[in-house]
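Work through the exercises below with the model open beside you. Try each task before reading its solution.

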Amino acid sequence: MSEQIKISIQHLYKIFGDDPEAALEHVKNGVGKTELLAEHGHVLGLQDINVDMVAGEITVIMGLSGSGKSTLIRHLNRLIDPTSGQVLVDGDDVISYDEDSLRRLRRQQMSMVFQKFALLPHRTVVENAAMPLIVRGEDKQTALQEGSKWLERVGLQGNDHQHPHQLSGGMQQRVGIARALTSNSDIMLMDEAFSALDPLIRTDMQDLLLELQQELHKTIVFITHDLDEALKLADHLVILKDGYTVQQGEPQEILLHPNDPYIVDFISDINRARVLRVRSIMQPKTDAIEGPVAGDIDGNDNLESVIAASEGDTSLNYRVVSDGEQIGVLHMQDLVKALVPTSAAEDGVRGKV
Amino acid sequence: MATYDFIFDGLGLRGWCGEKTGGTMSMEELLARNSGETKSLWELPFPSLDNLHDACPAIAQTRGLTSGLESGFLGIKDALKVVIDPITQPLSWFLSGALSIFQTVPWFVMIPILLGIVYLASKSTRLVGMVASFILFLAFIDHYDYAMQTLAIIFVCSMICVLLGVPIGIAMSRSDGLQRGVIPVLDMLQTLPPFVYLIPLIFLFSVTEPKLYGIAIILYAIVPVIRLTDLGIRLVDKDVIEAADAYGMTDRQKLYGVQIPLALPNIMAGVNQTIMMSLAMVVIASLVSAPGLGVLVLRGIRNLELGVGLISGLGIVLLAIILDRVTKAALARVNTAQQ
């Protein structure tokens, strides 16, 4: 698979305050977030962010509130302007765009889904879904048809002529997603899109997103503060803290090799069996396996399903296959070892409490 | 001798002040001289312009301030008139036009038209019934013509208030600087007693011109629609505005597609207030020849005709109820369409 970089964020800084340029010098000289606020009265929003987002993948940016994740996503379509740095979309620097090119970018190339849905309350559901096309000035009738089509695709039939307030939160966010899809842009920005929904609906929506993604292959930038959600959706995971990237990479990789106490804290709480996948802990092996093999499992199965299949017998070996070909072997003992929880780091946030 | 002589003597300014011209003596001075008493410290007057003038004639009296203001205004009056007269002339046309239309259309055509408008605005037959009974009652006691004159004036003035006020409110909502500048003016217009700005208007225009009271009413009634338009647009959900930006709406699309529709309940509340305030002012404006029920109120006061004053007052109350209920019903319809 060709790894075409769709969005590339390079050396992005954002400082809030009266004189960000001057404060930027301090930050580049190594002044930290708390010091900058105390001594110079400026808030450090983002600090030297470098992220490459691959076309057709879901990049999840995760962090706690105040880590700058919502600020970061707003730089991609320039709802916020950076203090310094570049955002390249298909190789073009978005930061240098004038008003017209920026509007074209927002209309054609990027769509956005919001935490609080942000639908137009005075328009019907279908008008909301068709909004991106209407904004572009396309024929209203075709726009409405397109909107209606995508509403159906996200599971909202027959609500076309209701108003947003008549729908539940989950349904409203489906309209939000339909609106983003109607715009037919390559890039979807999702700002805590599911955070305001209750857990069951949230799981539903995550499944919906993954299902749509299999079909549409958009470049999705997803913001969340929920690690389970991040691990479920991410092809590429970026963890932010206080405005800088703590670690980024493949989620399984981060889970198995956290490089910062902050991340160790984060992952100490999760259900590892549900999140870890067979391919991350198997031994790669393409030739014949010695000894008895209990069965075939898929590389993308999570460990929970393997445990269920083995009925708890730790002496078994499984053959790991992907697309019908053997890619490795999984010993149940390795599986148990991978499940040993990392305790909260002693020097981490929770260790101090 | 005046109390503050010592200051000018002490500073050696006596020469600059010049000698007292003598002139006419005030009653106060005469009394003081005759009683021959020296004033105690308790009676020390505030060093105001008048008291300083007593000590030093070169200092102007307070009377000079008011007369100076007056002569200043009279001085620029003609120049001001050259600018303001043509600008405001259409107001006179609108007012006389509306007055003649409301009065020449016969009652059996006018009343159904008004009721039709009420129904379109409120979609409520109960309200139409109420309005019908009020108007028929006013017509029955021979106040129909006066009520129509008042309605015509309110109609024109409120319309102009909305046409001017909404754009001003929108401009204010977009610029903090403009908002900071306009709000003190609005505060002043709202607190200044309406009689006060009638005075310069009388100097500027002839009392027979309809625009004289038109301007007075508009100045008084335009405030709420400006304030509430500004407020309404500023209160539009930031998330929705962000979504509009994220999908690349132009400022114009955002204004007409998002901000004004979402601010409409507030704007309508402002229109309601504006109409009520123009009704209040149209009564006062009868002092400067505005026709309508206010004339009867004024007659009641001038001639102490108790009955005339009370009945016309009741007529104004009925008109107020009609205008308030109809605009509120329209507002409620806007609200339910959005919620």
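**Exercise 1. Sort the residues of β3(A) by the way they point, and state whether they are buried or exposed.**

Solution. This is a predicted model. Start with one face: Ile58(A), Val60(A) and Met62(A) point one way from β3(A). Thr59(A) and Ile61(A) point the other way. Now apply the cut-off: a buried residue has 20 or more other C-beta atoms within 10 Å of its own. Residues on both faces pass, and all are buried. The strand, residues 58-62 of chain A, is therefore mostly covered, with five of its five residues buried by that cut-off.

**Exercise 2. Find which strands are joined to β3(A), and in which direction they run.**

Solution. Take β8 (residues 219-224) of chain A: five bridges join this strand to β3(A), and the two run parallel. To fix the register, use Ile58(A), whose bridge partner in β8(A) is Ile220(A). Next take β9 (residues 236-241) of chain A. Four bridges join β9(A) to β3(A), again with parallel strands. Here Thr59(A) stands opposite His236(A).

**Exercise 3. Give the strand order of the open four-stranded sheet in chain A, and explain what happens at its edges.**

Solution. The order is β2-β1-β4-β5, with antiparallel pairing. Read off the ends: β2 (43-54) and β5 (92-93) each have a single partner strand, so one side of each lacks a neighbour in the sheet. Then check one pair. Strand β1 (residues 5-16) is joined to β2(A) by eight bridges. Within that pair, Lys14(A) has Leu46(A) as its bridge partner. Last, add the helix: α1 (residues 20-28) of chain A lies across β1, β2 and β4 (84-89), at about 105 degrees to β1(A).

**Exercise 4. Describe how α10(B) packs on α11(B).**

Solution. Begin with geometry. Helix α10 (residues 194-204) and helix α11 (residues 210-234) of chain B pack at about 140 degrees, their axes 10 Å apart. The crossing is right-handed. Now list the contacts. From α10(B) come Pro194(B), Tyr197(B), Leu198(B) and Leu201(B). They meet Leu212(B), Ile215(B), Ala216(B), Leu219(B) and Tyr220(B) of α11(B). By class, the contact has nine nonpolar residues, no polar and no charged.

**Exercise 5. Work out what chain B brings to its contact with chain A.**

Solution. Count first: 16 residues come from chain B and 17 residues from chain A. On the chain B side, α12 (238-246), α13 (251-284) and α15 (306-338) each supply at least two residues. Of these, α12(B) gives the most, with six residues. Finish with the classes: the chain B side has nine nonpolar, four polar and three charged residues.

Definitions and conventions. Residues numbered from 1 in each chain as written. Chains lettered and ligands numbered in written order. Predicted model: local features only at pLDDT ≥ 70, side-chain atom pairs only at ≥ 80, totals over all residues. Contact = placed C-beta atoms within 7 Å. Nonpolar A, V, L, I, M, F, W, Y, C, P; charged D, E, K, R; others polar. Pairing = 2+ DSSP bridges. Axes fitted to C-alpha atoms, helices over the stretch in contact; angles between N-to-C directions. Left-handed = near helix turned anticlockwise from the far one by under 90°. Buried ≥ 20, exposed ≤ 12 C-beta atoms within 10 Å, placed from the backbone.
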